[in-house]
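Reader: Could you take me on a close look at one part of this model, the surroundings of one ligand and the cavities that go with it? I would enjoy a connected account.

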Amino acid sequence: MFDLLSMRFAGVPVFYVVPLVVFLPLFVTIVWRVVGLRDMLFPPPEIKEARERLKEEERAEKARLEEKRARAGTQVKMRRRVSLGPLQWAGQAVTYALFAVGIGYFSNAPDYAAMAPDHALIKVSLSHPGQRKEECRKRTREELMKLPPNMRAPKKCSRERWPVFFEMELDGTLLYRDSVKPAGLAGDGHSNFYHTVAVPAGSHSLTVRMRDRGDTEDFKHVFARDVTLQPEQILVVGFASDTGTITLR
Amino acid sequence: MTSIRRPLQTAFLFLDGLFDRPFGPEWNPLRQMGTLSFYLFWIVAVSGIYVYILFDTSVAGAYESVEYMTHEQWYLGGVMRSLHRYGSDAMVVTMALHLTREFIFDRYRDVRWFTWFTGVPIIWFLYVSGVSGYWLVWDQLAQYIAIASMEWLDWLGIFGKPVANNFLTRGSLGDRFFTLLLFIHIFGPLFLLFIMWIHVLRVSQPRINPPRGLAIGVLLMLTVLSLAKPAVSHPPADLGTTPTELGLDWFYMVLYPAFDAWGPGAMWALAVGVSFFVAALPWMPPLKKPKAAEVHLDFCNGCTRCFLDCPFGAVTMQPRTDGRPFEQEAVVRPDLCTACGICVGACPTSTPFRRTEKLTTGIDLPDFSLAHVREITVKAMEKARAEVPETEPHIIVFGCDHGVDPPLVERPGVRGVRLPCISMLPPSFIDFVLSRGGADGVLITGCRECDCFNRFGDRWMMERIAGERDPYLRERVPRERLRVSWAAPTDRAKLEAAVERFQGELAALPDTAEEAPRRAAGGA
Ligand code: HEM
Ligand code: SF4
Ligand code: SF4
């Protein structure tokens with residue numbers, strides 16, 4: 001079958017070319033004659049003349065205005081174009097220099113003593129869950145029957161925990177004491193401690209006490225040790241939940 | 001608030017004058033703090049991209065890579081690092097001066113509230129960007145500043161575990177967390193740029209780029225500083241010890257000593273409190289402004305001049321609604337209009353020559369109408385004439401609400417007319433005053449050059465006089481009878497001197513004396 005759509009000429013579908021062959025000349029003619037590309041590129045003499053005339057008129061108008069201005073005498077001084085003489089340039093240089101000195105200086109001076117150099121830093125960083133406020137208990141049969149079938153867990157556990165209480169003494173004086181509530185909206189998360197305190201370097205006796213329930217005054221964890229702190233040293237007081245011991249790093 | 005501002009304005013104007021001498025009004029850096037801030041951002045961005053190429057993003061390699069660029073490649077890497085640091089520092093200064101200036105000159109209330117309000121998060125993001133940059137060097141300063149920043153964040157208690165724990169001991173800091181810090185330093189500046197864009201969104205024709213002379217000067221200054229005093233690091237970070245003596249970058253870290261002294265809670269209160277206070281300033285108290293400009297369609301031909309000249313983008317052009325054969329009509333958005341009157345001065349129908357009973361124009365201020373302007377101008381002309389003999393020169397001084405109050409420079413034969421903004425004066429009024437024999441000279445004054453309260457008042461006026469902007473001052477107006485002398489409220493003596501000189505020059509003009517009777521006869 002004679003299929004125009006799939007016919008190709010030198011690899012190009014004829015389907016593309018045919019409309020071009022028909023419409024391109026038409027388009028070119030229109031642009032050339034009707035839109036006036038011809039007159040634009042090769043203007044006929046009368047248009048050339050008219051243009052010249054216009055230009056001449058413009059020139060005359062300009063000259064007339066110039067003359068008028070000249071007659072008007074002193075012009076209003078437009079923007080005060082400051083003519084920059086050597087003095088101005090020097091002034092600018094001085095201004096820049098002063099600014100640069102200010103920036104350069106305060107970008108790392110004067111020094112700041114973040115901590116006295118003969119001190120060491122003790123960081124308390126520990127995360128420990130307090131004890132549950134209520135022990136888990138078995139639900140009775142009646143209680144279970146009242147719950148929807150998918151929620152019939154045999155044990156009822158209140159998830160709320162006690163706050164954790166922590167205190168630290170150095171050579172018998174209290175350094176830090178805090179009671180931290182459990183994290184989380186339900187009060188069921190860990191209690192997180194983070195605290196730093198600078199102490200004089202040297203040998204000290206360090207005592208740390210911690211309890212994780214609020215219904216007793218007894219400390220569950222007590223830790224005492226002599227430590228020697230170098231200047232600028234960081235000593236981290238932590239708690240290893242797996243072994244249940246207070247640690248020093 | 002105004003009573004605090006007054007003396008500060010005087011101080012600022014004095015400094016402006018001082019800087020005008022070497023720099024000239026256009027290059028005066030004090031008037032370019034916003035554009036300079038933008039420009040410094042670009043410097044910091046470009047140098048930052050270069051520094052990033054040489055930067056090693058691992059905890060172990062970061063410090064060494066910064067040392068490499070500082071010492072081995074000092075001529076490029078080192079210079080770029082220094083440009084990055086000093087550019088950021090300079091940005092704090094330019095931003096602070098910029099916002100102080102806008103505050104002192106009362107350019108933050110009324111329609112400008114949006115620009116002011118969006119400036120506040122800019123401060124936050126600039127600090128996030130700067131401080132996070134210092135973390136990446138991973139020297140002792142980085143260690144100090146990172147830990148303090150994290151302790152500050154931890155106070156909020158929004159993270160499951162304290163983030164400061166990432167810096168607890170040698171080996172605590174992992175590459176993953178370090179990469180997060182790097183991300184903060186990349187996205188902080190990106191957000192900063194975004195908010196800077198929002199900041200100028202409602203400013204019509206905002207000036208973003210400083211004048212070329214100033215741009216070259218600043219780049220030169222930073223480069224020389226970078227070569228003379230290259231930015232260097234502290235000793236490498238060591239999480240087993242804590243740094244003691246530190247050379248802080250006080251531009252970004254001024255609050256850290258306060259943090260050490262007062263703790264995180266107080267610093268949050270301070271930061272959030274001050275931010276809310278500053279953000280609320282535009283309404284403490286709100287600026288009482290006159291009624292917005294109104295369009296009178298009968299006189300509007302949709303020429304778009306008011307739209308092009310309004311410094312606050314309050315005029316929009318919309319399709320014609322009254323059936324007259326024009327395509328567009330001007331529409332004013334009252335919430336953006338400050339009633340500066342610049343549009344009135346731009347409208348081609350604003351001419352005092354018309355003989356209608358009531359002077360109307362395409363766009364007018366209800367509280368300070370063009371008819372009122374003509375009335376006070378005519379009165380001033382009559383007064384000036386009554387004061388001195390016809391043969392002596394009479395001058396009308398047109399001024400504005402924000403420069404020297406024109407009546408302050410009045411003397412026999414000299415009368416002042418005060419407008420909301422000098423560009424409210426249509427150029428035809430100058431023609432009117434001079435050609436109707438009202439006066440022998442017109443003196444135009446207003447805020448100092450490039451410092452117009454209404455942003456473009458001085459510029460539009462000069463362009464209209466020069467014939468570079470519609471509506472222009474007619475050719476027939478004798479330029480020797482027109483003077484322009486910009487003067488801030490503190491420049492009264494200077495303006496008085498200009499008036500006196502002008503009077504002398506007018507008296508010396510050959511035709512003043514001869515023409516006087518004819519001028520008077522043709523009177524208004
Ligand atoms: C990096 C920081 C900033 C940059 C780059 C910046 C830049 C700019 C620029 C380019 C303009 C337009 C100026 C004009 O064309 O007239 C402007 C206007 C303004 N800025 Fe900022 N700005 C910054 C920070 C701030 C801050 C922190 C505040 C205040 C809290 C502030 C308050 C204003 C106000 C009130 C204007 C309005 C001026 C007017 O409409 O005449 N800017 N700013
Ligand atoms: S009075 Fe000023 S702000 Fe209002 S529309 Fe006119 S030019 Fe714009
Ligand atoms: S300048 Fe006057 S005539 Fe032109 S659009 Fe504005 S109101 Fe209409």
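Author: Happy to; here is a walk around ligand 3 and the cavities. Please keep in mind that the model is predicted.

Let us begin with the ligand itself. Ligand 3 is surrounded by 13 residues, and the closest of these are B:Cys300, B:Asn301, B:Cys303, B:Cys306 and B:Cys347. Sorted by class, this shell has eight nonpolar residues, four polar ones and one charged.

Now for the space that ligand 3 takes up: this is the second largest cavity, with a volume of about 60 Å³. Its lining consists of 14 residues, and those nearest the centre of the cavity are B:Cys300, B:Asn301, B:Cys303, B:Cys306 and B:Cys347. These are the names given above as closest to ligand 3. In the lining of the second largest cavity, ten residues are nonpolar, four are polar and none is charged, while the shell around ligand 3 includes one charged residue.

It helps to place this cavity among the others. The structure has three cavities of 30 Å³ or more, and the largest has a volume of about 90 Å³. The largest cavity is lined by 16 residues; B:Cys310, B:Ala314, B:Cys337, B:Cys340 and B:Cys343 are the closest to its centre. Its lining divides into 14 nonpolar and two polar residues, with no charged ones.

So much for the setting; to return to your ligand, keep B:Cys300, B:Asn301, B:Cys303, B:Cys306 and B:Cys347 in view as the closest residues around ligand 3.

Technical notes
Residues numbered from 1 in each chain as written. Chains lettered and ligands numbered in written order. Predicted model: local features only at pLDDT ≥ 70, side-chain atom pairs only at ≥ 80, totals over all residues. Heavy atoms only, no water. Near = heavy atom within 4 Å. 1 Å grid on protein atoms, 1.4 Å probe; cavity = no way out; pocket = protein on both sides within 12 Å on 5 of 7 lines; lining within 4 Å. Sits in = over half its atoms within 2 Å of the grid points. Nonpolar A, V, L, I, M, F, W, Y, C, P; charged D, E, K, R; others polar. Points joined across faces, edges and corners; volume = space filled by probe spheres on them.
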